[in-house]
Every structure is written in structure tokens, then in C-alpha cells.
There are 2 protein chains.
Amino acid sequence: MFFYTVINTHIPGQKIILLYLARMAQTLPYRQLADFTYSIFKAIGCSDADAALATRVLLSADLRGIDSHGVARLTGYVRLWEAKRVNATPEMKIVHEMPSTAVVDGDAGLGLVVAPFAMQLAIDKARNAGTGWVSVRNSNHFGIAGYHAMMALDHDMIGIAMTNASALVAPTFSTERMLGTNPIAVAIPAGTQPPFVADFATTTASNGKLEILQRKNAGTPLGWVQEGDGTDSTDANILKKGGSMLPLGSDREHGSHKGYALGSIVDIFSAVLSGASYGPWVPPFPAYVPMPENMPGKGLGHFFGAMRVDAFRTADEFKDHMDNWITRFRNAKPTNELNKVLIPGDPEREMEAERMAGGIPVVDSVIDELNAVGQKFGLALN
Amino acid sequence: MFFYTVINTHIPGQKIILLYLARMAQTLPYRQLADFTYSIFKAIGCSDADAALATRVLLSADLRGIDSHGVARLTGYVRLWEAKRVNATPEMKIVHEMPSTAVVDGDAGLGLVVAPFAMQLAIDKARNAGTGWVSVRNSNHFGIAGYHAMMALDHDMIGIAMTNASALVAPTFSTERMLGTNPIAVAIPAGTQPPFVADFATTTASNGKLEILQRKNAGTPLGWVQEGDGTDSTDANILKKGGSMLPLGSDREHGSHKGYALGSIVDIFSAVLSGASYGPWVPPFPAYVPMPENMPGKGLGHFFGAMRVDAFRTADEFKDHMDNWITRFRNAKPTNELNKVLIPGDPEREMEAERMAGGIPVVDSVIDELNAVGQKFGLALN
């Protein structure tokens, strides 16, 4: 199902372009997407609270412009539940702890629910110990790392979130997919300035950027992906042909060993510390892909950290200096007067304001999938 | 002073090449360099213990093949002491703490001495709280980050070390030097396998790599540096002409905003948390460069972390899985059968064994500097 808008213009061809664009995506109000998403999570058996939380986490990706990690993944989560890889009513447990640490077993729950539980635990630990660090096993994909890291901000804490993911990335000097895009998010509170929020895959480009190019039938820049034998590639579909993504840095000469190290650190903190699966054994997101053999741990792993800023200096001093840091960097001399220097989190915050007010564009293929999954449960998107 | 060796060969020109190489560097035994370095630190007023520690930390860079951060910097430290920017007898103080955190004021001491003090405090905190996190102000350059991170390994802890440094790096979309090469080191213990030790600048290439190209009169690959106006450059001397280094990722299309974010996180954790100077206000290493005006904090900043692995799961379980992780990654399919996949820390460990046994090559310009500084104090290198 899709709607379209015809606008007449003086410019030949523009009518066709607008029709084409209208066919590509619809813009839906946040509320409408949220109500539908909530009802789907309820339909698979989540509690009211868990369905509301999972909805908030999932759609924070759409609001912040990280479309690959938002509602586009909803049907994927449902398929994982159908394949009995996701437990809609998990009993999450703290299996080990010290004053500043814990390991959580997510009982195969939605990462969208397990991750906020674990991040809250990190925040609670930080209250007493100054910092809190929680490694999680037996979880699933947790949406965007930035959501969880940002939970710390209201408590005047620095938040850190990372997760491993199924293997798409080849280490430097390798042709084998050994690591996920393993993102890192760090959220740092400021005073009058908006917070610093970095949230990035440890690859040159995220999988979401590949998907955008696939839809456009466009190639990638050199340095994003390689063929199955390690040859340079610009094919956005190369992952379906045995290729792999490249670590941040692209090649050895430009520091890909650093991106490989970062992705590895995320994998080890998330999974070797907690007892989740790691490296090439991380469970795949598509439910139709068989689970790896001889998995060395349970499910996906995450790692969360919270640090009270006043465990180091007074919160007021810290925030004043963050304001000074942010202001100084924002005013760094730009390469070109039209392109100001950005603070990590700036583009996502602007996008969030825009989309909360004006709606979220959802591509038609995703709308079709949402409608199909809705029909299963007698639920309608529109 | 330099020596040379003449070897006759059948190949025309080879004699000249060998003479040239002999003129470029001498290979000195570790013990000889260490004795000289110790005597210099004693000569500027360090205690026996501090001189021995500073020597060990400084020369760990030469042993591990990071020549730019080792004995080549000894005369730079002496000049900072002469300029009264380094205090040889610091009274380091814990100015604030919680069970898992502390801020240390380094009293303008050598970073080579302040950093191990702070890292030891992080380890001590971790013993009781599970983790320890120490931010440091009023310090100086601390040698290689990896040395400090590796202090955790003997305690079955993960070690983390980072530092800010004087500004050479332009943020994405900027032409202004705002960040140092701000390295991150993470050391992770294993069982029968050697530990995982990542230690890298958050730039495409380290300043040390630029220096090697300068000595060879060679250009850099594209993506390492830019001209003062932001134009692409391959000039290894561009920093002397108003240019800047580029964050890991090189350009926006290849993820330089991620390298910029990483360098920023290092700066904020090291300096905004502790009360050190940050961004473009970090004190320069060369003593002849005037201090920045309106510095917002005291000296350089560092950040250290220690995490007991058994604060998450038993140390034996953790180390068994690290062995499995390392073995699996080392056996990842290589791009080329001659070039195996490396684990972070492999090249440095091999270099250390080689140089401890066979000596450390020191380029003649550094030998000349060491002899000159030795003469000041009546000390001889040879």
C-alpha cells in the first residue's frame, strides 16, 4: 500500500520525480508509529512496561535519523521471536557483582529491554561507587547504543554503551568476517550547551549506509567494503556475495588496525567479560540464518558504563568546562564558511526535533513489511 | 659522533648504502641507554626511585618499536625542566575520590612518574570496588600509553590508559589544530596466549610516522595530513607550514568524524574530568613554544582505568575464553598466505624481545642530542 502526491511544476520531469519520491517513502507521525510498534510488542507477549520501553528505544533510532536501527527492524524482532530466539517475558538476572560491576543474564530477552535494565544498574552502582560497569550476556540487538548511553545524562553522569553484533567485518589482513560493526556510544553532560553524544560503528561506514546505497543502486566509496578474496570493492551489495566490511581506517596504511582493535575491544568487553558469544559466533539478526555451531557463550553481549562527573570534580565545574569545550570546538575555524564544525550529537539532535514535529519518513518496503506483520496479529498501521 | 662499518660486496653501490645506513643509526644495548637515561633523570633532581621508573617507562617505547616516544624525547624532557615546566620532585596528591574513582594532581611532575602513580591507584581502587578510574591533571607527557595499561595485566585486570597532548589535529570540517594525537591503550590479560595490547593514536597515523617520513624525505599517503587551508596534502613537513593532522578515518566519507569523536573523548576524560588544560590549550611539548594564553586548567591530563576480570566472571573462565578469542582471530583467513592476521600487541612484543636481546637502534641526530645533554651534566653516553 502506498499513497502519492502530484505537484505540477514548470520544470519538465519534476512531476515524475515527485511521484517517484512519494512511492519511495511515507512520512508518518511519531505517535502513529509508536502506537503500532507498542501493539506489536504487546502482541508477541511483552508486558505493558516492556512494550512501551522497547518502543521508545527502537523509535529513538528513527527520530535520530539512524533509520536502519529503528522501526525497519521491527519485523526482524518478530521473526526472531517466532524462531524462539527472543523471549518476550525474560527473567533478567544479576549473576555476579562487585560494588562497581555486574554481569547481567538477559534470558534471551529483547535487547531493547535488557539494555536499559543493565544501563540502569550501571547508574545505580555509580551512585555509590562513583562508577558502574555492567557486562551483559544472553541478549539480542539493543537498537542504537546512543539511547542507552544517554540514560546517564539526567543523573549528571557520563554514559557509555557498546554491543557486539553478528560478524560482517574482516580484521586487517583478513578476508574473513570476524566482527560485527560493534558500535560505541559515549554521552557527556554539559551545562547550558546540549550534551556531547558520540555514537558510531567501529567500521568505516555503518551497515545502514550500505543499505541506503543499495536502495539507490549506487556504489560505495573505496575503503568501505572488500570482495571475498580481499580485493577492493565499491559494490554496496558485496556482503551478499561473500564480501566483508572494513574496520574504521579502511586499510593498514590509513589505520584499519585501529578500527579492528576498537571493534575487538567492544567484542571482548561485551562478550568475553560476560559469557556471551563473540567474534564469528555471535548469533545472526536474520532469523532465517542458522545459528553458528559450537557457540562459546550465550546470545549477544553488551557493555555499559556510568561515571558520576562529581566523582571527579563538582558537577558545576565539570559542566562549565564542558560548555567551554563545546563552544571552543564549535567555533574552530571551518574548512569552508558554510560548513561549521559539529559537536558529536548535533546532527542527531536536530533530526530528532524535526522528526518529532514533522514525522518520520518510512520507506515503502518497510511500510509493506509492517503492514504484513500487523495482519498476522490483526493490527493495522494506518 | 658516529661510527661506521664498511662491508665490501659484489653489488655496485651497496658499500655506499651501508655507509649511509651506518651513519643514520647506531644500535645500543638496552642497559647502556638505560644507565645513561637514569643518570640524566638523577642529574635533574629526580629521586633514585623516580629516575629508575621514568627510565623504565621511557625506554619501554624504544623496546616496543615506538621510537618517537622513547629516548628521542629525553632531551625534550630536560628542556621542559630547564624551562621550569617540569618539576623533578613533585608532591602528587589525590584531590578527590570515591570508592572507584580519584583525581590526581601531578604537581607538574614528569608524566613518566605521575602516570604509574595514578595507574597504581586505579589498580588499588579496583581491588575493592571491582574497577578503578583515575583522571589526572597538572602532568606532562607520559611516554607510551601501553606501558601504563599493561601495569594491570599482572593483577588479572584489564588496563586502560589515555592522555591528551598538544594540538596538532583538526576536527572534521576544520582547518584548526584543536586536539592532540590523543592515544588510547587497552591491555587485556589472557591465559596461555600473550595478552591483547592495543595502543594507538586516534589519528590516521601517529606523529612518529610523520617523523620517519621526514627523515627519509618522503611524502605521506593521502589522508594523513592537510594544508593550512584544508587542502589535501602529502607533505610530511606540513605541520611546520600551518597544516594539521587528520583524525582516524581521514575524511568525512571514511569516518573521520569517528576519529574526531574518539580524540575528543580522550581529551574530555583526561582533562575536563580532572581540571587539566584541554583542546587547543594543552601545553606544548617543545619548551621553546610559548604556553597558550588563558589556559582553562593545569598541565596535561591523563585518564586511567583498571577492571578486575573476576569482577565479572572467574579469572580462569575469562582467560580461557580470551585464549579462544585470540586463537580464533589469529587463524582468521588471511588476505595473503604470507601475511597472517595479527592480534593487537603482537608486533610490539616481538620487537621488544628482539631489541632487549640485540639492542636498540638510535638515529644519529638523537645520539648527538643525547651526547650534548650528557655534556651539560658531565655524563657520557658511551
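At what angle do helix α4 and helix α11 of chain B pack, and how far apart are their axes? The legends below, which describe a predicted model, begin with this pair.

**Figure 1. Packing of helices α4 and α11 in chain B.** Two packed helices are described by the angle between their axes and the distance between the axes. Helix α4 (residues 74-82) and helix α11 (residues 364-376) of chain B pack at an angle of about 40°, and their axes are 9 Å apart. On the side of α4(B), the contact is formed by Leu74(B), Thr75(B) and Val78(B), while α11(B) contributes Glu369(B), Leu370(B) and Val373(B). Sorted by class, the residues of this contact are four nonpolar, one polar and one charged.

**Figure 2. An open sheet of seven strands in chain B.** The strands follow the order β2-β3-β4-β11-β5-β6-β7, and their pairing is mixed. Strands β2 (93-98) and β7 (196-200) of chain B stand at the edges with a single partner strand each, so one side of each has no neighbour in the sheet. On average, neighbouring strands are turned by 10° against each other, direction ignored. Helix α8 (residues 256-272) of chain A packs on this sheet, where it touches β6 (184-188) and β7 of chain B. The direction of α8(A) makes about 135° with that of β7(B).

**Figure 3. Strands β4 and β11 of chain B.** Strands of a sheet pair through backbone hydrogen bonds, either parallel or antiparallel. Here, β4 (residues 131-139) and β11 (residues 300-308) of chain B run antiparallel and are joined by seven bridges. Val134(B) stands opposite Phe304(B) of β11(B).

**Figure 4. Two loop residues of chain B with positive phi.** Most residues other than glycine have a negative phi. Lys84(B), which is not a glycine, nevertheless has a positive phi of about 60°. Lys84(B) is found in the loop between α4 and β2 of chain B. Asn182(B), also a residue other than glycine, has a positive phi near 25° and lies in the loop between β5 (157-163) and β6 of chain B. Are these residues buried or exposed? Lys84(B) is exposed, because 9 other C-beta atoms lie within 10 Å and the limit for an exposed residue is 12 or fewer. Asn182(B) is buried, because 27 other C-beta atoms lie within 10 Å and a buried residue requires 20 or more.

**Figure 5. The relation between chains A and B.** A turn of 180° with a shift of 0.0 Å along the axis lays chain A on chain B with an RMSD of 0.0 Å. This is the relation of a two-fold axis. Gly249(A) is the residue of chain A that comes closest to the rotation axis, with its C-alpha at 2.4 Å. Of the interface residues of chain A, 100% are also interface residues in chain B, so the copies meet through the same surface.

How values were computed. Residues are numbered from 1 along each chain as its sequence is written. Chains are lettered from A and ligands numbered from 1 in the order in which they are written. This is a predicted model: local features need pLDDT of at least 70, side-chain atom pairs count only at pLDDT 80 or more; totals for chains, interfaces and linings use all residues. Two strands pair if DSSP finds at least two bridges between them. Helices (H or I, at least four residues) and strands (E, at least two) are DSSP runs, numbered from the N terminus. Axes are lines fitted to C-alpha atoms, for helices over the stretch in contact, and angles run from 0 to 180 degrees between N-to-C directions. Two residues are in contact if their C-beta atoms, placed from the backbone, lie within 7 Å. Copies are superposed by least squares on the C-alpha atoms of residues with pLDDT of at least 70 in both. Ala, Val, Leu, Ile, Met, Phe, Trp, Tyr, Cys and Pro count as nonpolar, Asp, Glu, Lys and Arg as charged, and the others, Gly among them, as polar.
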